[in-house]
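This report goes through a structural model from its charged pairs to its buried interior. The terms are given their cut-offs where they come up.

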Amino acid sequence: MIKWRNIDKKKTFKYKGDPEVETFKDDKEFRKLAKKYHPDKSDPFFKELNKKKMQKLLKDRKKK
C-alpha cells in the first residue's frame, strides 16, 4: 500500500507492507539485484522502498 502525502509541495510516499523481491540462485544474481535495489544509488523518491527491498534481499541471502 502506498500512502501519498504532500511535504513542501513534493510528492513522496511511505511504503507499508512487505515488498516483493525477485528470487536469486547464486551470488552473481544476488549482486545484480543488490545493485538494482541499493538505496544509496536509487532515486530519492524510491529510497525508502529500495531500503526495505535490500533488507529483504540480505535476509534471503543468509537463508541460502
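## Salt bridges

D27 forms a salt bridge with R61, the closest N and O atoms being 3.0 Å apart, where a salt bridge is a side-chain nitrogen of Lys or Arg within 4 Å of a carboxyl oxygen of Asp or Glu. Because D27 lies in helix α1 and R61 in helix α2, this pair ties together parts that are 34 residues apart in sequence. Through salt bridges that share partners, D27, R31 and R61 are joined into one network. This is a predicted model, in which local features need pLDDT of at least 70 and side-chain atom pairs count only at pLDDT 80 or more, whereas totals for chains, interfaces and linings use all residues. Residues are numbered from 1 along each chain as its sequence is written, and side-chain values use heavy atoms, with hydrogens and water left out.

Within the network, the side chains of D27 and R31 also meet in a salt bridge, at 2.9 Å from N to O; being four residues apart in helix α1, D27 and R31 are separated by about one helical turn. In terms of relative accessible area (buried means under 20%, exposed over 50%, and partly exposed in between, with a 1.4 Å probe and protein chains only), D27 is partly exposed at 33%, R61 is partly exposed at 40%, and R31 counts as exposed at 54%.

The structure holds four salt bridges, and another of them brings together the side chains of K36 and E22 at 3.3 Å, N to O. K36 lies in helix α1 and E22 in the loop between β2 (10–15) and α1, so the pair ties together parts that are 14 residues apart in sequence. E22 itself is partly exposed, with a relative accessible area of 36%. As a general point, side chains of opposite charge can pair when their charged atoms come close.

## Overall fold and surface

The secondary structure of the protein chain comes to two helices and two strands, which follow the pattern β-β-α-α when read along the sequence. Helices (H or I, at least four residues) and strands (E, at least two) are DSSP runs, numbered from the N terminus.

Of the 64 residues in the protein chain, 25% are buried. The accessible surface of the protein chain comes to about 5,700 Å², of which 52% belongs to carbon and sulfur atoms; these areas come from the Shrake-Rupley method with a 1.4 Å probe, and for residues only the protein chains shown count as cover. Among contacts with a separation of 6 or more, 48% are accounted for by residues 24 or more positions apart, a contact meaning heavy atoms within 4.5 Å.

## The two faces of α1

In helix α1 (residues 27–37), the buried residues are F30, L33, A34 and Y37. Seen down the axis of α1, these buried residues fall within an arc of 105°, so they line one face of the helix; the arc is that of the directions from the helix axis to the C-beta atoms. What covers the buried residues of α1 includes α2 (47–63).

The face of α1 turned away from this buried side carries the exposed residues K28, R31, K32, K35 and K36. Thus R31 and K36, which take part in salt bridges, both belong to that exposed face.

## The nonpolar core

Which residues make up the largest nonpolar core? V21, F24, F30, L33, A34, Y37, M54 and L57 do, eight residues in all, a nonpolar core being a set of buried Ala, Val, Leu, Ile, Met, Phe, Trp, Tyr and Cys residues joined through side-chain atoms within 4.5 Å. While α1 and α2 each supply at least two residues of this core, the largest share, four residues, comes from α1. In soluble globular proteins, nonpolar side chains tend to be buried together.

F24 and F30 are buried, with relative accessible areas of 6% and 5% respectively. They form an aromatic pair that is tilted, at 5.4 Å centre to centre and 55° between the planes. Rings of Phe, Tyr and Trp (its six-membered ring) pair if their centres lie within 6.5 Å, with planes under 30 degrees apart counting as stacked, over 60 as edge-to-face and the rest as tilted; by this rule the count comes to one aromatic pair. Not counting residues up to four places away in sequence, F30 touches F24, L57, L58 and R61.

## A buried asparagine in α2

N50 is found in helix α2 and is buried, with a relative accessible area of 10%. Not counting residues up to four places away in sequence, N50 touches Y37, P39 and S42.
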